[in-house]
Amino acid sequence: MVYLSRIYTKTGDQGDTALGDGTRVPKDHVRIAAYGSVDELNAVLGLLLAHGAGGEAELLRSIQNDLFDVGADLCVPQEAGETPGRRLRVRPEQAARLEAAIDRLNAGLAPLTSFVLPGGRPAAAWAHLARAVCRRAERDVVTLARSEAVNPQVVVYLNRLSDLLFVLARVCNQGEGGDDLWTPGGTGSSE
């Protein structure tokens with residue numbers, strides 16, 4: 001259980017912060033950027049929840065909890081030969097749960113004939129923004145993994161989550177109007 005009695009510590013006033021293992025790094029360190037993007041994604045999911053969440057509030061709250069697991073995983077560098085279960089790490093079954101949700105949600109959608117333009121109903125627009133932030137978080141984690149050990153399940157989870165958010169945006173836009181589809185060259189000049 002986490003217990004926070006003080007919100008400010010002043011330990012980061014010089015531009016550095018502590019990782020979960022106590023190591024101090026600059027606040028712009030690639031690891032901080034990675035779990036900062038995950039934190040931003042979680043905040044956008046909160047906005048999606050505030051706008052109806054396409055009837056998937058329970059799923060999104062479970063994802064918000066998963067994203068805290070992702071952040072916890074990223075804030076403690078993986079040790080070589082780390083004993084399984086010693087640290088909180090993202091597990092394959094978390095991505096598998098997302099895959100099941102994608103399959104369930106996608107089953108009721110019409111097949112796509114073009115790319116979908118982000119937007120539509122407010123909940124759909126927030127889901128599209130969450131998807132874009134999720135893709136950035138995934139890129140940030142991949143960048144981190146080039147220089148430091150990262151649990152590969154983090155990348156898998158974020159990849160599945162961006163897919164789920166795309167499908168959820170489509171679910172939110174179901175019915176009147178539906179998805180706005182890309183028309184290649186559709187803004188051509190009338191000259």
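This short report looks at one helix, one buried serine and one surface patch.

## About the model

The structure is a predicted model, where local features need pLDDT of at least 70, side-chain atom pairs count only at pLDDT 80 or more, and totals for chains, interfaces and linings use all residues. Residues are numbered from 1 along each chain as its sequence is written, and side-chain values use heavy atoms, with hydrogens and water left out.

## Helix 2

Let's start with helix 2, residues 57–75. Helices here are DSSP runs of H or I with at least four residues, strands are E runs of at least two, and both are numbered from the N terminus. The end C-alpha atoms of helix 2 are 27 Å apart, which agrees with the expected 27 Å for 19 residues (1.5 Å times one less than the number of residues).

Many names appear among its buried residues, including Leu59, Ile63, Leu67 and Leu74. Buried means under 20% relative accessible area, exposed over 50%, and partly exposed in between (1.4 Å probe, protein chains only). The buried residues of helix 2 pack against helix 1, helix 3, helix 4 and helix 5.

## Ser162 in helix 5

Is Ser162, in helix 5 (residues 152–172), buried or exposed? Its relative accessibility is 1%, so Ser162 counts as buried. Beyond neighbours within four places in sequence, Ser162 is in contact (heavy atoms within 4.5 Å) with Arg131, Cys134, Arg135 and Glu138.

## Phe115 at the surface

Now for the outside: Phe115 sits in the loop between helix 3 (92–106) and strand 3 (116–117). With a relative accessible area of 61%, Phe115 is exposed.
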